[in-house]
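Let's take a friendly walk through a protein model, starting with its open space and then moving on to the strands around it. Keep the 3D view open as you read.

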Amino acid sequence: MKSALIPCSLFLFPFLAFASTIEISVDLKMDNIDYVAGERIRAVVDVANSSTDKISVGYSNSEDQFFIEVFKSKDMLQMEEITTGAFVSPFRVHSNEGQKLETFLGDHYALRDIGKYLAKPVLVHNGVRYEGMLRAFSVVPGMKVATALQLFKNQDGLRREFELLSWSRNNIEHLFLAAHDEGTSSRRWVTTDLGAMMRINKPTITVLSGGEVVILHRYDRDHYLRTEFWSLPTALELHDRQTVQDPETAGSERVRELYKESGITPKANPWWKFW
């Protein structure tokens, strides 16, 4: 009788192994299709657990693992991680529960090179590897709009170059700030999305003597966005963002002062005229 049961158990094993793989799913949802070179490339990890087990990742007693594999789309060459840090915050998912977690692919892979990439989330639980679908995204150069240069009084040889770049995101043109150092440092700073932009007036970037970097750009017919960064030899930080009404219609002395500080002279163009 035992010999008769063996073929039956061997027949059932592949079915059971397949069934277990669908009890845990992991997915990766990209925020955007295109990312301007230097952005952190944010995405959301979605873990669903319909098994009877508990999933635990990132704690001192956790045996499960989570990571994201990234490939170059052209040749499917898997990229090497540039850091050993965790892809997501520690998490636990109990039976019949799910969880969403934030991740930044640009923090783990060298994704500044222009091109197309594929990303795949992987969860390892009880020695079984659960993979999500490959998600495609691209790193793009952006279109140069304006530039500025910063020199540092107490840092001879250090130059910081700023670029304002534009790119369409969700069918809306956005403005981005990119920066890199030359001379005593070759650091490349994180590229920042400054929000929607209208091409009525050309965006401006001004570097002030105190290290303030001020960007002014129009985002709708009647308003500008004034964004201020603090740029120091070892730091580049977002400090302030203000909505500024068009001085043509604001009638405010303080608005005119903000424009003067930002180095822009408003044009008397009609709102539909491009710069």
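## A pocket and its lining

Which element gives the most to the lining of the largest pocket? That element is β12, with three residues. Bear in mind as you look that this is a predicted model.

How does anyone find a pocket in the first place? Rolling a probe the size of a water molecule over the atoms shows where empty space is left. In this model, the largest pocket holds about 230 Å³ of space. Its lining is made of 15 residues, and two elements, β12 (143-151) and β18 (223-232), each give two or more of them. If you want to find the centre of the pocket on your screen, look for Gln150, Leu151, Phe152, Lys153 and Ser209, the lining residues that lie nearest to it.

What kinds of residue make up this lining? Seven are nonpolar, seven are polar and one is charged.

## Following β12 into its sheet

Now let's follow β12 away from the pocket. This strand belongs to an open sheet of four strands, arranged in the order β12-β13-β14-β15 with antiparallel pairing. The edges of the sheet are β12 and β15 (192-196), each of which pairs on one side only. From one strand to the next, the twist averages 20°.

The partner of β12 is strand β13 (residues 158-169), and eight bridges link the two in the antiparallel sense. For one pair to pick out on screen, try Lys144, whose bridge partner in β13 is Leu165.

## Following β18 to its neighbours

Is β18 largely enclosed or not? Seven of its 10 residues are buried, so β18 is largely enclosed by the rest of the structure. Here, buried means under 20% relative accessible area.

Strand β17 (residues 212-218) runs antiparallel to β18, and seven bridges join them. One pair to look for is Arg218 with its bridge partner in β18, Tyr224. Between β17 and β18, the chain passes through a hairpin of four residues.

β18 also pairs with strand β19 (residues 235-245), again in the antiparallel sense, over 10 bridges. Here you can look for Arg226, which has Gln242 as its bridge partner in β19. The hairpin that joins β18 to β19 has two residues.

## Putting it together

Looking back, β12 and β18 both help to line the largest pocket. On the one side, β12 is an edge strand of its sheet; on the other, β18 pairs with β17 and with β19.

Methods: Residues are numbered from 1 along each chain as its sequence is written. This is a predicted model: local features need pLDDT of at least 70, side-chain atom pairs count only at pLDDT 80 or more; totals for chains, interfaces and linings use all residues. Side-chain values use heavy atoms; hydrogens and water are left out. On a 1 Å grid over the protein atoms alone, a cavity is a set of points where a 1.4 Å probe fits but cannot get out, and a pocket is an open set with protein on both sides within 12 Å along at least five of seven lines; lining residues have an atom within 4 Å of a point. Grid points are joined across faces, edges and corners, and a volume is the space filled by probe spheres set on the points. Ala, Val, Leu, Ile, Met, Phe, Trp, Tyr, Cys and Pro count as nonpolar, Asp, Glu, Lys and Arg as charged, and the others, Gly among them, as polar. Two strands pair if DSSP finds at least two bridges between them. Axes are lines fitted to C-alpha atoms, for helices over the stretch in contact, and angles run from 0 to 180 degrees between N-to-C directions. Buried means under 20% relative accessible area, exposed over 50%, partly exposed in between (1.4 Å probe, protein chains only).
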